[in-house]
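Morning, everyone. One structure today, and I'll keep it quick. Please have a look at it while I talk.

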Amino acid sequence: GARGSFAALRADGSVITWGDPGSGGHSQMVQHQLHDVQQIQSAEHAFAAIRSDGRVVTWGNGDFAPDEAALEQLQDLQPVQVSTFAASSSL
């Protein structure tokens, strides 16, 4: 999760948060938007949730969250699972 904050996705698509309010542990201001969530991603000081309608909801430290103009572009998205790996080959 974000630094000292946690978010859990419930089976009904709602989200609960706890921990450091400055890093996303307090989601009261966006709680009414946290429904039909399919996936949650965390950053160091913020969270983002992708809803089933493709909208993105963000909360946490505003310095690390997108502004309104950026959020307008974050629509009609599909959840994607990202992994990082290193590969090497010998010649």
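Let's start with a pairing. Strand β4, residues 46–51, runs antiparallel to β5, and five bridges join the two. One position to find on your screens: Ala48 sits opposite Thr58, and Thr58 belongs to β5. Before I go on, a caution: this is a predicted model.

Now the sheet around that pair. Which strands make it up, and in what order? There are three, ordered β3-β4-β5. The sheet is open, and the pairing is antiparallel. β3 covers 37–42 and β5 covers 56–60. Those two stand at the edges, and each has a single partner strand, so one side of each has no neighbour in the sheet. From one strand to the next, the twist averages 20°. For anyone new to this, strands of a sheet pair through backbone hydrogen bonds, in either a parallel or an antiparallel way.

Step back to the whole chain. How many helices and strands does the protein have? One helix, five strands. Along the sequence the pattern reads β-β-β-β-β-α. In other words, the strands come before the helix.

Some totals next. The protein has 91 residues, and 30% of them are buried. Its accessible surface is about 6200 Å². Carbon and sulfur atoms hold 51% of that surface. Then the contacts. Take those with a separation of 6 or more: 32% of them join residues 24 or more positions apart.

Here is one residue to go with those totals. Gln39 is in strand β3, which is one of the edge strands. Is Gln39 buried or exposed? Its relative accessibility is 11%. The cut-off for buried is under 20%, so Gln39 counts as buried. Now look along the chain from there. Leu9 is 30 residues away from Gln39 in sequence, yet their C-alpha atoms are separated by 7.5 Å.

Last stop, the surface. Which residues form a nonpolar patch there? Phe6, Ile16 and Trp18. Together they have about 280 Å² of accessible area. Pick out Trp18. Trp18 belongs to strand β2, residues 15–19. Its relative accessibility is 42%. Partly exposed runs between the 20% and 50% limits, so Trp18 counts as partly exposed.

To recap with two residues: Gln39 in β3 is buried, while Trp18 in β2 is partly exposed. And remember, the model is predicted. That's my slot. Questions, please.

How values were computed:
Residues numbered from 1 in each chain as written. Predicted model: local features only at pLDDT ≥ 70, side-chain atom pairs only at ≥ 80, totals over all residues. Heavy atoms only, no water. Pairing = 2+ DSSP bridges. Helix = DSSP H or I, 4+ residues; strand = E, 2+ residues; numbered from the N terminus. Axes fitted to C-alpha atoms, helices over the stretch in contact; angles between N-to-C directions. Buried < 20%, exposed > 50% of the residue type's maximum accessible area, 1.4 Å probe, protein only. Contact = heavy atoms within 4.5 Å. Areas by Shrake-Rupley, 256 points an atom, 1.4 Å probe, with all protein chains shown as cover. Patch = residues over 30% accessible without salt bridge, like charges linked within 9 Å, V, L, I, M, F, W, Y side chains within 5 Å. Salt bridge = Lys/Arg side-chain N within 4 Å of Asp/Glu carboxyl O.
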